[in-house]
Amino acid sequence: MSAAATPTLEVRDLTVGFGGVTALDGVTLAVRPGARHGILGPNGSGKTTLFNAVTGFVRPRAGRIVFAGADITGLPAHRRARLGLARTFQITSLFPSLSARANVAMAAREKLGVSGDPWRPAAAHAAAEERAAGLLADLGLRHLAERTVGSLGYGEQRELEIAVALALEPTLLLLDEPTAGLSVAETGALVELVRQLPAALTVVLIEHDLGVVFGLTDRLSVLLNGVLIADGPTAEVREDARVKDAYLGR
Ligand SMILES: Nc1ncnc2c1ncn2[C@@H]1O[C@H](COP(=O)(O)OP(=O)(O)O)[C@@H](O)[C@H]1O
Ligand SMILES: [Mg+2]
């Protein structure tokens, strides 16, 4: 990163607690524009909580969230989404009876500001449909467009979730364990999809599968019990003795 480049995301001294549990404890990290940034850590180490705080789903006890140079700590989730911050969930959040394209089009209508507005011209809705079809094609998912979500395989649903998130035209995409529960073949397909995302899009990825993390990310932050224990280029962090001890069990 050149000294002048403003990080896409900065988390400063972030502390999040739930009752007596400190889920994140003074976490500071920065995500560069266009990065493929991994978040690694055992179950319960605070990874999802970090995404929840960044996207506005939980309120931190202390610390700041800065998005493209603007402090968004106090903003509600929908405002953050509108600024260009999108996420997928660890649990699938699609409408199973609708087609893949209809699911993406719903998000596109949200972006175009025509959702739920019957007075807007049909052309605006058609634009959302067209955008959905184009996005699915760009992601190599054209063959899924007319299938109902309920008829898709689990791996295909995880891919579709990424398409839905991209319909909001984000600059930052947060993926929470996108390969959890996927077969080897499904994981391969998902990794390929992430590889082909636009280079300008910044991606932060929570991922358990070390092969996936090491293969996809250029930067890596490692959490243990809510504390950031390592942060830096993936090639360096994966050799870090603390990370190996704490996480890799070596
Ligand atoms: N909404 C919540 N209410 C209470 N405790 C929570 C909540 N969300 C997370 N936690 C707790 O915070 C810790 C971190 O959880 P989480 O961020 O989900 O970890 P990870 O995603 O790394 O597995 C855990 O101890 C978890 O039980
Ligand atoms: Mg989690």
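Which residue follows α1, and what is the sign of its phi? Gly56 comes directly after α1, and its phi is positive, near 90 degrees. The notes below concern a predicted model.

1. Helix α1. This helix covers residues 47-55, and 7 of its 9 residues are buried, so α1 is largely enclosed by the rest of the structure. The buried set consists of Lys47, Thr49, Leu50, Phe51, Asn52, Ala53 and Val54. A residue needs 20 or more other C-beta atoms within 10 Å of its own to count as buried. The helix is followed by Gly56, the glycine with positive phi named at the start.

2. Domain division. The protein is split into domain 1, made of 1-84 + 170-250, and domain 2, made of 93-169. Taken over C-alpha atoms, the centres of domain 1 and domain 2 are 26 Å apart. Domain 1 puts 11 residues into the contact, and domain 2 puts in 12 residues. On the domain 1 side, helix α6 (residues 184-195) gives the most, with 4 residues. The side of domain 1 that touches domain 2 is made up of 8 nonpolar, 2 polar and 1 charged residues.

3. Helices α3 and α4. Helix α3 spans residues 100-112 and helix α4 spans residues 122-138; their axes lie 8 Å apart, at an angle of about 125 degrees. The two helices are therefore oblique to each other. The crossing of α3 past α4 is right-handed. From α3, the contact takes Ala100, Arg101, Val104, Ala105, Ala108, Arg109 and Leu112. These meet Ala124, His125, Ala127, Ala128, Glu129, Arg131, Ala132, Ala133, Leu135 and Leu136 in α4. By class, the contact of α3 with α4 has 12 nonpolar, 1 polar and 4 charged residues.

4. Helices α3 and α5. The axes of α3 and α5 come within 8 Å and cross at roughly 30 degrees. Angles under 35 degrees count as roughly parallel, and α3 and α5 are therefore roughly parallel to each other. Here too the crossing is right-handed. Ala100, Asn103, Val104 and Ala107 of α3 make the contact with Leu160, Ala163 and Val164 of α5. The residues of this contact divide into 6 nonpolar, 1 polar and no charged. Ala100 and Val104 are listed for α3 in its contact with α4 and again in its contact with α5.

5. Positive phi outside glycine. Most residues other than glycine have a negative phi. Asp13 has a positive phi, near 50 degrees, and is found in strand β1 (residues 9-18). Asp13 counts as partly exposed because 13 C-beta neighbours lie inside 10 Å. Ala68 also has a positive phi, near 50 degrees, and lies in the loop between β4 (62-67) and β5 (70-71). With 17 other C-beta atoms within 10 Å, Ala68 is partly exposed. A reader checking backbone geometry will find these two residues in a strand and in a loop respectively.

6. Gly140. Where is Gly140 placed? Gly140 sits in the loop between α4 and α5 (154-166). Gly140 is partly exposed, with 13 other C-beta atoms within 10 Å. Gly140 and Ala81 are 59 residues apart in sequence, and their C-alpha atoms are 25 Å apart in space.

Note on methods
Residues numbered from 1 in each chain as written. Chains lettered and ligands numbered in written order. Predicted model: local features only at pLDDT ≥ 70, side-chain atom pairs only at ≥ 80, totals over all residues. Axes fitted to C-alpha atoms, helices over the stretch in contact; angles between N-to-C directions. Parallel < 35°, antiparallel > 145°, perpendicular 65-115°, else oblique. Left-handed = near helix turned anticlockwise from the far one by under 90°. Contact = placed C-beta atoms within 7 Å. Nonpolar A, V, L, I, M, F, W, Y, C, P; charged D, E, K, R; others polar. Buried ≥ 20, exposed ≤ 12 C-beta atoms within 10 Å, placed from the backbone. Domains from an automatic or database assignment.
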